[in-house]
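The following questions ask how the terms applied to a structure are justified. Each reply sets a computed value against the criterion behind the term.

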Amino acid sequence: MEMVVSVQFARAMSNVQNFKSAPIPVPQAMCPVCRSVMRHRLMWIFFERCTNLFDSSKKKMLHVAPEYCFQRRLSRIPNVDYLTADISMPSAMVKMDITDIQYPDNTFDVIYCSHVLEHVLDDRKAMREFHRVLTDKGWAVLQVPIERAETTYEDPSITDPAERQKAFGHLDHVRCYSAKDYEQRLIDAGFRVKRIKPLEFTNIEEIEKMRISKNEDIFLCTKS
């Protein structure tokens, strides 16, 4: 059966026969053309259907830890002044420590940061920085892996990579979030948070056809 990666994810790759295995516990998750995995395809559909990213208004967008499958497409959106940033990634436009963002208040209309905060020791400070540089009418999508049912697990005394692997499942993670606690941290940073489930803007047929995440809530953040 022919599979479609996304409605408009890329015209050149709109007919993909199969997805490669990716280093996550779901088979056939990676697109062999654009290298997107399940959460990337979900996010693109969300951007298309639930945000103003593609309308004619001018916007300044900050993309932290930019994913390969997004960079070119986001940079080509008309009226979007697109900036990529990372603390160590050579391909990013600027070097940025998200706990100390060197931009003025109210700079960015859109902020997208996915699967980064679980690597940051002071995630609360990073959240406050995102809130500070977001414009009053802007929005941010701040995603993390949700791996705990009730409470977030973190222990800053664990610094050895091997021990972090045991505790958090990854060599460079410093915590495992629960959804409730993560949302509260965003609220504490000043955000108004809306948790949006994939089935609110897509359907089971699309989820199966595009191999996208059906259990990953999207955390849409605006200023209170």
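Terms and the values behind them

Q: Why is Ser114 called buried?
A: This is a predicted model, and in it Ser114 has a relative accessible area of 6%. Buried means under 20%, so Ser114 qualifies. The residue lies in strand S4, which spans residues 108-114. Leaving aside its neighbours within four places in sequence, Ser114 is in contact with Arg39, Glu67 and Gln143.

Q: How do you know that S4 and strand S5 are paired?
A: Two strands pair if there are at least two bridges between them. Six bridges join S4 to S5 (residues 134-143), so the criterion is met, and the two strands run parallel. Within this pairing, Ile111 has Ala140 in S5 as its bridge partner.

Q: What makes strand S3 and strand S9 edge strands?
A: S4 and S5 belong to an open sheet of seven strands with mixed pairing, in the order S3-S2-S1-S4-S5-S10-S9. S3 (94-95) and S9 (191-196) each pair on one side only, and they are the edge strands. Two helices lie across strands of this order: helix H1 (residues 38-50) lies across S4, S5, S9 and strand S10 (218-223), at about 155° to S5. Helix H2 (residues 68-75) lies across strand S1 (59-64), strand S2 (80-86) and S4, at about 155° to S2.

Q: Why do strand S6 and strand S7 stand at the edges?
A: Three strands form an open sheet of mixed pairing in the order S6-S8-S7. S6 (146-148) and S7 (153-154) each have a single partner strand, so one side of each is left without a neighbour in the sheet. S6 is joined to strand S8 (residues 175-178) by two bridges, and these strands run parallel. Ile146 stands opposite Tyr177 in S8.

Q: Why is no disulfide assigned to Cys34?
A: The closest cysteine sulfur to that of Cys34 is in Cys31, at 3.6 Å. A disulfide requires sulfur atoms within 2.5 Å, so this separation is too far for a bond. The structure holds zero disulfides. Cys34 is itself buried, with a relative accessible area of 2%. Cys176, at 8%, also counts as buried.

Q: What makes the pair Arg185 and Asp123 a salt bridge?
A: The N to O distance between the side chains is 2.9 Å. The criterion asks for a nitrogen within 4 Å of a carboxyl oxygen, so the pair counts as one. The two partners come from distant parts of the chain, 62 residues apart, with Arg185 in helix H5 (residues 179-188) and Asp123 in helix H3 (residues 123-133). The structure holds 16 salt bridges.

Q: How do you know that Glu154 and Arg175 differ in exposure, one being partly exposed and the other buried?
A: Glu154 has a relative accessible area of 33%, which lies between the limits of 20% and 50%, so Glu154 is partly exposed. Arg175, at 2%, falls under 20% and therefore counts as buried. Their side chains meet in a salt bridge of 2.7 Å, N to O.

Q: What makes Asp123, Glu154, Arg175, Asp181 and Arg185 one network?
A: Arg185 also meets Asp181 in a salt bridge (2.7 Å, N to O). Both residues lie in helix H5, four residues apart, about one turn of the helix. Salt bridges that share partners join the five residues Asp123, Glu154, Arg175, Asp181 and Arg185 into one network.

Methods:
Residues are numbered from 1 along each chain as its sequence is written. This is a predicted model: local features need pLDDT of at least 70, side-chain atom pairs count only at pLDDT 80 or more; totals for chains, interfaces and linings use all residues. Side-chain values use heavy atoms; hydrogens and water are left out. Buried means under 20% relative accessible area, exposed over 50%, partly exposed in between (1.4 Å probe, protein chains only). Contact means heavy atoms within 4.5 Å. Axes are lines fitted to C-alpha atoms, for helices over the stretch in contact, and angles run from 0 to 180 degrees between N-to-C directions.
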